[in-house]
Amino acid sequence: MKGTLRNDDMAPNNGKKISVAVIIDEFCVGGAEKQLTELLPLFDRNTFDVSFIVLYQFEGRVTLYDQLPEWLPVYKLNFRNSKDIMSWVELYKTLRTIKPDVVMPNLFFSNTSVRMLKPLLGYKVIITEHNTYIDKSRKQIFIDKALSYLTYKIVAVSSTVATFTAEQERIPKEKFVVIHNGVDVGKIQSKLAELPSKDALRKEFGFTASDKILLNVAGLKSKKRHKIMLDGFALFHKKYPEYRLAIAGEGPLRSKLEVQARELGIGDVVTFFGLRRDIEKFYKMSDIFVSTSDIEGLSIAYLEALASGLPVVSTKTSGTDELITNGENGFFIPESSPEAVSETLEKMANANLNQMGDKARVKVNEFDIHKTAEKYSELIIEACKK
């Protein structure tokens, strides 16, 4: 990975490469999955032998395999459920073949399965907590607490996630290390510079040059709370009719949300664009990023928005509180109500968007993916030296 470590400092075992297995439950579109597409290519191949294991495959769903580097060995397992004995055997065999020094699982089932197999295979385990999982069951909390004793470190993607998880699972805070999610700021800004003009992009997607665009990028599911966003936007639009709302994302609530927009009388100024592979175009053509999400860890979409120079209007979720300085590069929605959403959008509409956008670009440099990669690298090496 990019950083200041020398190879002779990094390799703890007489110059041998460190074998690292990264594991995730599934590899469909999501924040944890997107982060891995950014992170995995940055591993220094002179220092690490990296393998990638995905436990579940879902036919018909969009995956991110095409965004992985060609050199990366990928093992696609086919778990049907947590009681699929044959797949457990296959996972054991795969790990025994790879012989990892360190295993880095992501999400609950991966975190659980890897730690249960650790006594048989002897690797070090570094798990990642990607969010404030308020809906974890008592059983899941008990399992995480018990398996924390088999864990070298728990990476939290934001300080709030670390504090929340430590308190929820009664795990000592010393077990946690905060490594923020990141994005490749330079790559994003280079892509934006290569795109057509803002006006040309707006025309491409059915907007006019005089329209002002609010952008939301998120899965259409309950925890993202699009319902309150639409209610708030409907109030805001009465005073600011020049604004349009563009929603990029897919999910089970799409049809209900489209009906809601029509019933609110904003069906002609709210556009659902579905899942996009050209998301940079949306960042470039928009004026403001908006989110009413209930929970986050440290949102990749927020980071991409800031890197694109978009000020952010958002609920004060974990991670977001480290990205946004109220009144400088965004505004926090103070409470969960349509009125609060509308009032906060009005604040933003009357702010100096260019100045706030400049501050957004400055802030996001703290969360560049190369810094994230270097911290993971250092943690892996530290684990191997223990």
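1. Against which elements do the buried residues of helix 3 pack? In this predicted model, they pack against strand 1 (18-24), strand 2 (48-54), strand 3 (74-76), strand 4 (102-106) and helix 4 (108-121).

2. Helix 3 spans residues 85-98, that is, 14 residues. From its first C-alpha to its last it reaches 20 Å, close to the 20 Å expected at 1.5 Å a residue. The residue that follows helix 3, Lys99, has a positive phi, near 55°.

3. The buried residues of helix 3 are Ser87, Trp88, Leu91, Thr94, Leu95 and Ile98. These residues lie on the same side of helix 3 because they cover an arc of only 120° around the axis. An α-helix has 3.6 residues a turn, so residues three or four places apart point the same way. Exposed residues Ile85, Met86 and Thr97 are carried on the face of helix 3 turned away from its buried side.

4. The sheet deserves a separate description. Its 7 strands form an open sheet with parallel pairing, in the order 3-2-1-4-5-6-7. Strand 3 and strand 7 (176-178) stand at the edges; each has a single partner strand, so one side of each is left without a neighbour in the sheet. From one strand to the next, the twist averages 20°.

5. At one end of that order, strand 6 (residues 153-156) and strand 7 pair in the parallel sense over 3 bridges. Within this pair, Ile154 stands opposite Phe176 in strand 7. Helix 3 packs on the sheet and touches strand 1, strand 2, strand 3 and strand 4. The direction of helix 3 makes about 170° with that of strand 2.

6. The largest nonpolar core has 61 residues. Helix 12 (residues 300-307) gives the most to this core, with 7 residues. Leu55, Leu95, Tyr283 and Phe289 are the residues with the most contacts inside the core. Of these, Leu95 is also among the buried residues of helix 3.

7. Which residues does Leu55 contact, leaving aside its neighbours within four places in sequence? They are Ile23, Ile24, Asp25, Leu77, Asn78, Phe79, Leu91, Phe109, Ser110 and Ser113. One of them, Leu91, is itself a buried residue of helix 3.

8. A second core, separate from the largest one, has 34 residues. Its members include Ile18, Leu36, Leu68 and Ile179.

Terms used:
Residues numbered from 1 in each chain as written. Predicted model: local features only at pLDDT ≥ 70, side-chain atom pairs only at ≥ 80, totals over all residues. Heavy atoms only, no water. Helix = DSSP H or I, 4+ residues; strand = E, 2+ residues; numbered from the N terminus. Expected span 1.5 Å × (residues − 1). Buried < 20%, exposed > 50% of the residue type's maximum accessible area, 1.4 Å probe, protein only. Arc of directions from axis to C-beta. Contact = heavy atoms within 4.5 Å. Core = buried A, V, L, I, M, F, W, Y, C linked by side-chain atoms within 4.5 Å. Pairing = 2+ DSSP bridges. Axes fitted to C-alpha atoms, helices over the stretch in contact; angles between N-to-C directions.
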